Amino acid sequence: MNNLAHFPPPGNNGTQANLPPSYNLNEFRELEFPEHAEIIGERILPVNGKFIIGAVKGVGKTIFLGQLANELACGAPALGLFDIPEPKRVMIIQKEVADIEFRDRLDQQSKKYKGHNPENIIVMKTEDVIDIKLDSVLGVRKLFGIIERDKPEVLMLDPMVWFHNIDEDKAKD
C-alpha cells in the first residue's frame, strides 16, 4: 500500500474531506438504519427490491413463480414461512409455457389459497409480449407503458433468457 501516493484521494487538494465514512464492526453494529417497507417480510423482498430465481431448465421455476404470485396476491405467507404484510397486485409476463397451460396452472394453484383475489394477478398472452426485450429501447418503453397502465406492485418476468437478445452461451455477451 506504499504506492498509493500516485493516487491521491478525492477532495480539495488531495484531502480526505470528501471520503465516505468507514466503521469498525462495533461501530457498524451501533448504527441505526431506516425501516424499509417489505413485500415479503424478514428482508426477503423489500419494496423496489429485486428477487431473481435461477435454475436449469425444467426444474419448476415457472411453477414456483405461480405459487409465489398467488401467495403475494392473497397475502398468504411466502412458501408458508415468510410474512406478506398485505396482498399485492402481481403482474406475470412469461414467455416459456403455452398460455392455456399457464392459465390452468395458475387456476389450479390459486384454489389452494383462502382469500384468493384473481383481480390481483395480471397476466398477458405470450404473443403480446414477444417483443419485450430489456436491452431494447422499444421493448423497455413497451414494458414501462404496460406497468404504468396496469400498476402492478410486483413484476415477474419468466424466464429472463427470453427478455434480452444476449447469447448467454457466448462469453463476450
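**Salt bridges, helix α2 and Q94**

User: How far apart are N and O where the side chains of R105 and E101 meet in a salt bridge?
Analyst: Both residues sit in helix α3, four residues apart, which is about one turn of the helix. Helices are DSSP runs of H or I with at least four residues, strands are runs of E with at least two, and both are numbered from the N terminus. A salt bridge puts a side-chain nitrogen of Lys or Arg within 4 Å of a carboxyl oxygen of Asp or Glu. For R105 and E101, the N to O distance is 2.8 Å.

User: What pLDDT do side-chain atom pairs need in this predicted model?
Analyst: Residues are numbered from 1 along each chain as its sequence is written, and side-chain values use heavy atoms, leaving out hydrogens and water. This is a predicted model, where totals for chains, interfaces and linings use all residues, local features need pLDDT of at least 70, and side-chain atom pairs count only at pLDDT 80 or more.

User: Is K88 buried or exposed?
Analyst: K88 forms a salt bridge with E86, with the closest N and O atoms 3.6 Å apart. E86 has 44% relative accessibility, so it's partly exposed. The cut-offs are under 20% relative accessible area for buried, over 50% for exposed and partly exposed in between, using a 1.4 Å probe and protein chains only. K88 has a relative accessible area of 7%, so it's buried.

User: What is the relative accessible area of R103?
Analyst: R103 meets D104 through a side-chain salt bridge at 3.3 Å, N to O. D104 is partly exposed, because its relative accessibility is 41%. R103 counts as exposed because its relative accessible area is 52%.

User: What span should helix α2 have at 1.5 Å a residue?
Analyst: Helix α2 covers residues 61–74, 14 residues in total. The expected span is 1.5 Å times one less than the number of residues. The end C-alpha atoms of α2 are 20 Å apart, so they agree with the expected 20 Å.

User: How many residues of α2 are buried?
Analyst: Buried residues of α2 include L65, L68 and L72, along with the charged K61 and E71. Their cover includes β1 (38–40), β3, α3 (99–110), β4 (121–123) and β5 (154–158). The helix is largely enclosed by the rest of the structure, because the buried count among its 14 residues is eleven.

User: Which residue follows α2?
Analyst: Look at the backbone just past the helix: phi there is positive, near 80°. The residue is G75.

User: Which backbone oxygen does the side chain of Q94 reach?
Analyst: Q94 lies in strand β3 (residues 90–94), and it counts as buried because its relative accessibility is 1%. Leaving aside residues up to four places away in sequence, Q94 touches D99, F102, T126, V129 and D158, where contact means heavy atoms within 4.5 Å. A polar atom of the Q94 side chain also lies 3.0 Å from the backbone nitrogen of E96. At 2.8 Å, the side chain reaches the backbone oxygen of V97.

User: How much accessible area does the nonpolar patch of Y23, L25, F28 and F33 have together?
Analyst: F28 lies in helix α1 (residues 25–30), and its relative accessible area of 45% is why it counts as partly exposed. Patches use residues with over 30% relative accessible area and no salt bridge, joining like charges within 9 Å and nonpolar side chains (Val, Leu, Ile, Met, Phe, Trp, Tyr) within 5 Å. Areas come from the Shrake-Rupley method with a 1.4 Å probe, and for residues only the protein chains shown count as cover. Together, Y23, L25, F28 and F33 have about 460 Å².

Definitions and conventions: Polar contact = N/O pair within 3.5 Å; in protein donor to acceptor, adjacent residues only side chain to side chain.
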